[in-house]
Amino acid sequence: MGDAHNNIPSPPGLPIIGNLLDIQDEVPIRGIEHLIDRYGPIIKLNFLGKERITIASVELLEELCDEKRFWKTPGDGLASLESKENPAEKSHTGLFSAPTEEDMDWQQAHRTLMPAFGPISIQSMFGEMHDIASQLVLKWARMGPSYRIPVTSDFTRLTLDTIALCAMDYRFNSFYQDELHPFLQAMTSTLTASSDRLKISSLIQKMLPWDKSGEKLNADREYMRVLSRELVQVRRDHPTDKRDLLNAMVNGKDPKTGEMMPDGLISANMVTFLIAGHETTSGLLSFAFVNLLQSPDAYFKAQQEVDRVVGKGKLGIEHMKNLKYIEAVLRETLRLTPTVPAFTRSIRRDNPNDFEELAGGKFAVNREDKILCLISKTQRDPKVYGDDANEFKPDRMLDENFLRLPKAAWKPFGSGVRACIGRAFAWQEAQMAIALLLQTFNFRLDDPSYKMKIKQTLTLKPDNFYMRATLREGITAASLQSSLSSAGDAVTVAVREGIRRADSGLAEELKPLTILFGSNTGTCMALAQKLRVEARRYGYQANVMDMDAVVETIPKDQPVIVITASYEGQPCDNAAQFVTWLETLKADNVLQGLDYAVFGCGHSDWQTTFQRIPNLVDELLEKHGAKRIASRGSSNAADGNMFSDFDSWTEQTLWPAIAPTSSGDRGVGSALDMELSQQDRSSYLRQDVQHATVVDAKRLTAPEEPEKRHLEVQLPEGMTYEAGDYLAVLPFNPPESVARVQKHFKFASDTTIKIKLGAATFLPTGVELSVTDLLKGFVELNLPATRRDLQTCVAACESSPDKAALEVFTDKDGFARMTEQRVSLLDLLERYPSIELAFGSFLSMLAPLRPRHYSISSSPLADPKTCSITYSRINEAARSGVGRYIGVTGAYLSTLKPGDEILVSVRATNKFFHLPADVASTPVVLFGAGAGLAPFRGFIQERAQQLAAGRHLAPALMFMGCRSASKDRLYGDEMDAWVKAGAVDIRYAFSREPESSEGCRYVQDRLLNDKNDVLQMWQAGAKLFTCGSPEVSEGLARVAQQILIEERAEAGENFTEEQAKDWFREKRNERFVVDVFA
């Protein structure tokens, strides 16, 4: 048995502290999860001399939930919650923290309280649950659609007030005060101390002579104990007939012994219920809304179920049994993010065996072992849930599917006789709250690019999660008040006032216009901002919003312009709800009265999904009764004319349709009213980026080769990523470009600027900043000039020869040549000096500076707090013939050195562009060239970490294109070491040295050369990934189709080229995934 115990993988630790450093993370449980990802489904850790075993597979959990062999043991975190009562009194423990089921306190409380948690008792609490939930609804209605709802905070208020009222007839009145109740503050402090007990910072703090944290913790515990005692005493002094938990404990008798619970035991369980009864449910509700808002299909299925089951009437207990989909949402939420992410098991005292075997004798645990069952990982086991185990799919949790799962596949409430006694209470409360909220409001993410962040006390909750709520169509203050059955004219007035539309403040002569955008990379948002500025010239005051902001509330009293793109054929993050809403509308005339126009952005490299979402939005709006007032505009990013195409559409199509009598002053661009004499630019540019710190920066290629570089950053607190994600970087313009502008307009380097308040611009107004800072950090200086820019320059040109030269570019062919040469507005001003363009006009013509997205080239298993990117620096002769073309972000990044700050944000990639969940069974094949290696370095680094930890992995094969084996083979030494370790098999293609790559010059040549190896891995179930330029992707596609046609021919099938293309289209994202960059 000792050998089987020693078979458990054990990460190497340090003397005394053991593996303590391995789990140092803002979210401690995440540190253990990273170790599981590296070492496999069972590991043995050492913390300060204490050995702890963790398991993370359904197969192992199934064994550990065998109640004849194992039982629940309170983990160290639960044990630390116990209040140290008066030494003169007998110490009591609550249900959750009792040492074993043999404990007399546990047995008496369990037997006494079981009837109070029965179905009839729980159903009788529905009215009080609805009462508290109504307070939440009224608050959000009162605050209005612009309110950033602090989701976890408000759900904490909801669930605390609910358990207090239902269980002990006590009102904390959390929604009527700004500060959290002192009990919540004490509880949060206690839970945080429990969670942080193994953090190095906490351990060091406790050693300091001036540390008072222990005294604070004891005071908080004592406050909670005293409050619970006071509640018990109030009930004894003022008895009631209410059938709640407090009466069950005060008046109930143990059905086995006939004894009544002592006050100390009642107090201990009161604290247990107040903590466990609200903390976990608030986390569940918060996670459920994150999942729903990031999965529009599921969101609308849930809302439609509420509409079908409840309608517009008052929600009642009789509706709960029919809310099957919401039940599935809750199950799937608890599967992916169990608010209690683990529980502890050990060998039963009455089990005669001192050792118990696991996995058929491969492993063994002994009587002293405490085994942490990490359900945050077991419930994502790919052997049970498949390769999409990490995706939110409520359908898999509908009754029939749910019942087919192995028993241990879903254990968020624990297991056996000591599973959560309050499960039915929490379930009814959560189901009711979601139904009531979806019946009343439309929700959207405050930040459409929000990536779930976790905050851990003893339980888990999403961190920094905000959303916005708009009352649904047809719901008014009066009807809301009536449906909630609340009384009081004052409340009604407050609600009406809260939801009243604020005065727009428009000048009388300006008409309203709504501009909606759907954007992941910022391009469509930049076009929307550009159109907002332009609208004033045509007599409109424009309001710019993301598309999700107008679900069910799209205005019908003004023109609506939609600017959107597709992302792998799917809506952008901030348009997904809007598109799903349109798809789920039933009536064909529901949007009658709406006037709209659509402009679509896309890239033709995604042939099968090019312009899919703009087309779909245009068709669905018309289908449901809206009136198209201008034909749909479009632009192909592959042509490089996006801003110019947009200008052409607005000038020739949009404005003539909605402002036919306005000239729009199409001559010289409207100058900004400003004074020539640093605010945080990310807020003005509406970009969700945060400060990170550079820790490493280096060149990867030889001096004579095109420059490719490596940059590693320390991520901001709370920012996490997966291998395959993007890092968005908000750059600065190159100093050379800034200097060119200053030279042209004859500005000294210390010139300052102040744009007048109220100016129609995305730039800072009413604040003074230097011209250098403005040009460096706020505007795009190197974008190709648009057709409108060209027209403005022609109109402002004072010299006839210059004007004639400019007019050459105004026809179709001339403008195409200019765009191909990437001639910028600045290039035009320098080339034709007689263009008399004021600086204010120049600024008004520039687009806002956008973040650039780079594939992350590292894995969080190596270090979750840092990530790297691999990028090319472009510095070449400009196609325009004027100076050199300098890539904005590459130039900026190349100037950074360790210690510098940089504005970044992690952005999710295509959800399919991640390593398979079942790393042991699913092979991977990777194709790329040059900097296309970036995401694959992260994949291989992750596999190397797992192999080093003893994991068994399916094979990985990478085809990589370079120029030379010695001059630009990126991360050569590192790759060689990973090949030697077995993390990957690499097949290179060297375009300048084909003799070093079996005669293969390009990566597609190497694929054809080694096709038998690829076919063998495909037949073994491999998943294929491609990352590279359009040329690389197209070359690989041609060869892959050729191989498929040849294989089918050998099998006697006549497979055409078109059939081959269709075959690959069907397999896209299922078996192969493509990430193309320009």
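Two strands are counted as paired if DSSP finds at least two bridges between them. In this predicted model, five strands meet that description in one open sheet. Their order is β33-β32-β31-β34-β35, and the pairing is parallel. Strands β33 (985-990) and β35 (1072-1076) stand at the edges. Each has a single partner strand, so one side of each is left without a neighbour in the sheet. On average, neighbouring strands of this sheet are turned by 10 degrees against each other, direction ignored. Within the sheet, β31 (residues 924-929) and β34 (residues 1023-1028) are joined by five bridges. One residue pair illustrates the link: V924 has K1023 in β34 as its bridge partner.

A further parallel pairing involves β13 (residues 511-518) and β14 (residues 540-546). Seven bridges join these strands. Here L516 stands opposite M545 in β14. Strand β13 is mostly covered, with six of its eight residues buried. Strands of a sheet pair through backbone hydrogen bonds, either parallel or antiparallel.

Helix α19 (residues 423-440) is also covered. Of its 18 residues, 16 are buried, so the helix is largely enclosed by the rest of the structure. From its first C-alpha to its last, α19 reaches 26 Å. That is close to the 26 Å expected at 1.5 Å a residue.

In soluble globular proteins, nonpolar side chains tend to be buried together. The largest nonpolar core of this model has 148 residues. W140, F443, F578, V617 and L621 have the most contacts inside it. Helix α13 (residues 263-293) supplies the largest share of this core, 14 residues. Apart from this core lies another, of 38 residues, among them V779, L790, A796 and L825. The surroundings of F578 can be listed in detail. Leaving aside residues up to four places away in sequence, F578 touches L516, M547, D548, V550, V551, I554, V617 and L621. One of these contacts, L516, is the residue that stands opposite M545 in β14.

Aromatic residues also come together. The structure holds 36 aromatic pairs. A pair of aromatic rings is described by the distance of the centres and the angle of the planes. For F1064 and F1072, the centres are 5.7 Å apart and the planes are at 75 degrees, an edge-to-face arrangement. Both F1064 and F1072 are buried. Elsewhere, W140, F155, F289, F441 and F443 form one aromatic cluster. Two of its members, W140 and F443, are among the residues with the most contacts inside the largest nonpolar core.

How values were computed. Residues numbered from 1 in each chain as written. Predicted model: local features only at pLDDT ≥ 70, side-chain atom pairs only at ≥ 80, totals over all residues. Heavy atoms only, no water. Helix = DSSP H or I, 4+ residues; strand = E, 2+ residues; numbered from the N terminus. Axes fitted to C-alpha atoms, helices over the stretch in contact; angles between N-to-C directions. Expected span 1.5 Å × (residues − 1). Buried < 20%, exposed > 50% of the residue type's maximum accessible area, 1.4 Å probe, protein only. Core = buried A, V, L, I, M, F, W, Y, C linked by side-chain atoms within 4.5 Å. Contact = heavy atoms within 4.5 Å. Phe/Tyr/Trp six-rings, centres within 6.5 Å; stacked < 30°, edge-to-face > 60°.
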